[in-house]
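Please walk through this structure, starting with its overall division and ending with the ligand site.

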Amino acid sequence: MTSGKENWKPATKLVHGGTMRSQFGEMSEALFLTQGFAYDTAEAAEARFNGEDPGFIYSRFSNPTTAMFEDRMALLEGAGAARATASGMAAVTAAFLCQVSAGDHVVAAKALFSSCRYIVEDLLPRFGVTSTLVDGTDLDQWRAAVKPETKALFLESPTNPTLDVLDIAAVAEIAHEAGAVLIVDNVFATPVWQSPLQLGADVVVYSATKHIDGQGRCLGGIVLSSEEWVDEYLHNFLRQTGPSMSPFNAWVLLKGLETLDVRVARQTENAAKIADFLADHPSVARLVYPGRADHPQADIVARQMRAGSNLICLELKGGKEAAYRLCNALEIVKISNNLGDAKSLICHPATTTHQRMDEDQQLELGITAGTLRFSVGLEDADDLIADISRGLG
Ligand SMILES: *Cc1c(COP(=O)(O)O)cnc(C)c1O
């Protein structure tokens, strides 16, 4: 029998990928809430440990429920292998630390989720791994930054919170010419709309906390790459250091995956309508939405994304006062720094997610006092537009 799972369309992979059934034939994926596994004999234990028998040993590094989540994600992403982690930040940290040593160098786009920027700018240098931050939209800056000791390039696209879109294929080429790997944080695009490995990236990381759960319940992360890279660098690092995903969270996230494409499609449809409404509103100074023809990198969006996703960045004319007034007036849209949730969420990056940066650093990223990041949810678009319209009025 041929399986042909790789040829399934994404919706089918999201429902059936990675499923392993126990002897009971359960329909919904089983939750193996267990730390360890018993062996029938001492010989069986030995075979498990020396790799002759590929079964499970200990949930710090492998668990059946977590493995189903990893396999489903790997199938969706077209990756050779995947490893789940306790959070998105555990995934990003592991993707770096598993492969760098003192003396190495990394290059990253400046516009990063602020904890990612901490890893690159503060944490790695403490262990002798130097880093250079570049304007990710400028390919010459990437080229100028790579050195013989450069081990990894890192970017997010679309960027947080200003939604610039970076050219993944072009940066991958620069990485490969330098003998480095490109790591892409694909959270904002989601696996539904962008496939970095197909564009030439070597490693993809997600905060599964966002759209993959999509219902505000649990934290999670995942790193995906080739089987060789996972075997050589990632697997042992995670096994020995232990930032593991709980099997319970893996189970919640597996159920999240079943509806991921339906949710993201609806959120994106809503976001496109809201972006068009906001673009024409007199209180809005600037609107960035990757699904619109006026996006600053619309040509790259057309090449590498299948749709614009559910995030909108807007700048209000009245600065912080106007931004706060809108946030506080909204009834349906909640104020929260999370994203990708069923509920629409808005946040003021300058005073929340990017508070750590001084004003000059914020302005360099395009974050002004009037900037708001809007994660569009699953509510009815007309209700959301009415809520925003009232809030702006
Ligand atoms: C949320 C987020 C992270 C971190 O994920 P956690 O699950 O919160 O640890 C990393 N990168 C991006 C782009 C994110 O949005």
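The text below covers the domains, then the pocket, then the ligand contacts.

This is a predicted model, in which local features need pLDDT of at least 70, side-chain atom pairs count only at pLDDT 80 or more, and totals for chains, interfaces and linings use all residues. Residues are numbered from 1 along each chain as its sequence is written, and side-chain values use heavy atoms, with hydrogens and water left out.

The protein splits into domain 1 (9-258) and domain 2 (261-392), with bounds from an automatic or database domain assignment. Taken over C-alpha atoms, the centres of domain 1 and domain 2 are 27 Å apart. Domain 1 gives 43 residues to the contact and domain 2 gives 39 residues, where contact means heavy atoms within 4.5 Å.

Around the ligand are 14 residues, of which G88, D185, S207, T209 and K210 come nearest; a residue counts here if one of its heavy atoms lies within 4 Å. This shell consists of six nonpolar, five polar and three charged residues, with Gly counted as polar and Asp, Glu, Lys and Arg as charged.

Three polar contacts can be described (pairs of N or O atoms within 3.5 Å). A nitrogen atom of the ligand is 2.6 Å from an N or O atom in the D185 side chain. On the oxygen side, one ligand oxygen atom lies 2.8 Å from a polar backbone atom of M89, and a polar side-chain atom of K210 is 2.7 Å from an oxygen atom of the ligand. Of the 380 Å² of accessible area that the ligand has on its own, the protein covers 91% (Shrake-Rupley method, 1.4 Å probe).

Note on methods:
A polar contact is a pair of N or O atoms within 3.5 Å; within protein, one must be able to donate a hydrogen and the other to accept it, and residues adjacent in sequence count only if both atoms are side-chain atoms.
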